[in-house]
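Work through the exercises below with the sequence and the model open. Each task is followed by a solution in steps.

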Amino acid sequence: DLSKKDVAMLGYRDGILKSKYTVDSGVNDPTKSSQFCAINDKSSDDMWTTAGCNEIKGSDLTVYNNTAIRNKQELYIFLPELRRAISLDFNEKVRNL
């Protein structure tokens, strides 16, 4: 078994996340729809050594903030497997044919 502090990209997984994740419904603020906001009822984590890495923010990108995309703002993806958010930055507009 992997402990809370272990990170293993190819480690054994049974497909079930053992932590409780809270996701914003977007009812009060549509821009927060599907954003992760807590793990096990805590608004920050203690997995990593810096506060920035322990921030709980971002979505799983099944739903994302269209306003952020239109304004070319940073998007955050929360990866439960890593218990960490990573950012996506706008680089250039691409036209698909």
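The model is predicted.

**Exercise 1. Layout of the chain**

Find how many helices and strands the chain has, and in which order the elements run.

Solution. Step one is the count: the chain contains two helices and four strands. Step two is the order, which from the N terminus on reads β-β-α-α-β-β. Step three turns to burial: 23% of the 97 residues count as buried.

**Exercise 2. Salt bridge of lysine 20**

Identify the salt-bridge partner of lysine 20, and explain which parts of the chain the pair ties together.

Solution. Start from the distance criterion: a side-chain nitrogen of Lys or Arg must lie within 4 Å of a carboxyl oxygen of Asp or Glu. The partner is aspartate 41, with the closest N and O atoms 2.8 Å apart. Next, place both residues in the chain. Lysine 20 sits in the segment before β1 (21-23), while aspartate 41 belongs to the loop between β2 (36-39) and α1 (51-54), so the salt bridge ties together parts 21 residues apart in sequence. Finally, look at accessibility. Lysine 20 has a relative accessible area of 45% and is partly exposed, whereas aspartate 41, at 57%, counts as exposed.

**Exercise 3. Further salt bridges**

State how many salt bridges a search of the whole structure finds, and describe those of lysine 42 and lysine 57.

Solution. The search of the whole structure gives four salt bridges. Lysine 42 meets aspartate 46 through their side chains, at 3.9 Å from N to O. For this pair, lysine 42 is partly exposed at 40% relative accessibility, and aspartate 46 is partly exposed at 35%. Lysine 57 pairs with glutamate 55, and their closest N and O atoms are 3.6 Å apart. Here lysine 57 is partly exposed at 23%, and glutamate 55 is partly exposed with a relative accessible area of 37%.

**Exercise 4. Cysteines**

Give the number of disulfides, then decide whether cysteine 53 is buried or exposed.

Solution. A disulfide requires two cysteine sulfur atoms within 2.5 Å. By this rule the count is zero. For the second part, the cut-off for buried is under 20% relative accessible area. Cysteine 53, at 17%, therefore counts as buried. Cysteine 37, with a relative accessible area of 31%, is partly exposed.

**Exercise 5. The hairpin**

Determine in which sense β3 and β4 pair, and which residue in the turn has a positive phi.

Solution. First, the pairing: β3 (residues 75-79) and β4 (residues 84-88) run antiparallel to each other and are joined over five bridges. Second, one of the partners: leucine 79 is matched with arginine 84 in β4. Third, the turn: the two strands form a hairpin with four residues between them, and arginine 83 there has a positive phi of about 50 degrees.

**Exercise 6. A pocket**

Describe the second largest pocket by its volume and its lining.

Solution. The volume of the second largest pocket is about 180 Å³. Its lining is made up of 13 residues, of which Thr31, Gln35, Asn65, Glu74 and Leu75 are the closest to the centre. Sorted by character, the lining comprises five nonpolar, five polar and three charged residues.

Technical notes: Residues numbered from 1 in each chain as written. Predicted model: local features only at pLDDT ≥ 70, side-chain atom pairs only at ≥ 80, totals over all residues. Heavy atoms only, no water. Buried < 20%, exposed > 50% of the residue type's maximum accessible area, 1.4 Å probe, protein only. Pairing = 2+ DSSP bridges. 1 Å grid on protein atoms, 1.4 Å probe; cavity = no way out; pocket = protein on both sides within 12 Å on 5 of 7 lines; lining within 4 Å. Points joined across faces, edges and corners; volume = space filled by probe spheres on them. Nonpolar A, V, L, I, M, F, W, Y, C, P; charged D, E, K, R; others polar.
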